[in-house]
Amino acid sequence: MSMFRSKKFDLGCFANVKTIRDHSKRKAFEAFEPERQALRYVIRNTTLPARTRAIAQLQLAETHCYTRSTQIRNRCLMGGKGRGILRDFKLSRFNFRLQALAGNIPGVKKASW
């Protein structure tokens with residue numbers, strides 16, 4: 001488990017523990033993705049012997065959960081919320097509104113028609 005945690009952090013850029021954990025998951029996913037793709041390719045290749053495919057399936061099942069893409073969740077950079085995130089800005093709806101009204105997001109202004 002400790003091998004998936006980053007050793008040194010500049011804690012000033014993280015809002016809370018959830019964002020630190022999400023950062024660790026993203027780094028682990030990035031590091032192990034080529035290996036996971038290779039194992040998935042071996043599992044799906046029907047021309048290989050069944051024993052080889054079964055071994056690859058066991059290896060894939062034994063990999064750490066942080067290496068899966070489903071573990072990654074978009075989180076707000078300012079508050080760490082996991083719901084209502086605008087992907088383009090990586091902010092929650094509430095924080096996006098506050099930043100837009102304050103004029104901190106370039107090219108965004110309140111609509112009026």
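Is Glu33 buried or exposed, and what is its relative accessible area? In this predicted model, Glu33 is buried, with a relative accessible area of 16%. That value falls under the 20% cut-off, so the residue counts as buried. The side chain of Glu33 meets that of Arg40 in a salt bridge, at 3.1 Å from N to O. Arg40 is partly exposed, with a relative accessible area of 24%. The pair thus joins a buried residue, Glu33, to a partly exposed one, Arg40.

The structure holds 2 salt bridges. Side chains of opposite charge can pair when their charged atoms come close. Besides the bridge of Glu33 and Arg40, there is one between the side chains of Arg26 and Asp22, with an N to O distance of 3.0 Å. Both Arg26 and Asp22 belong to helix 1. They are 4 residues apart, about one turn of the helix. Arg26 is partly exposed, at 34% relative accessible area. Asp22 is buried, at 10%. Here the acidic partner, Asp22, is buried, while the basic partner, Arg26, is partly exposed.

Helix 1 spans residues 17–44 and includes Lys18. Lys18 counts as partly exposed, because its relative accessibility is 46%. A contact in space links Lys18 to a distant point in the sequence: Gly80 is 62 residues away along the chain, yet the C-alpha atoms of the two residues are 6.6 Å apart.

Note on methods:
Residues are numbered from 1 along each chain as its sequence is written. This is a predicted model: local features need pLDDT of at least 70, side-chain atom pairs count only at pLDDT 80 or more; totals for chains, interfaces and linings use all residues. Side-chain values use heavy atoms; hydrogens and water are left out. Helices (H or I, at least four residues) and strands (E, at least two) are DSSP runs, numbered from the N terminus. Buried means under 20% relative accessible area, exposed over 50%, partly exposed in between (1.4 Å probe, protein chains only). A salt bridge is a side-chain nitrogen of Lys or Arg within 4 Å of a carboxyl oxygen of Asp or Glu.
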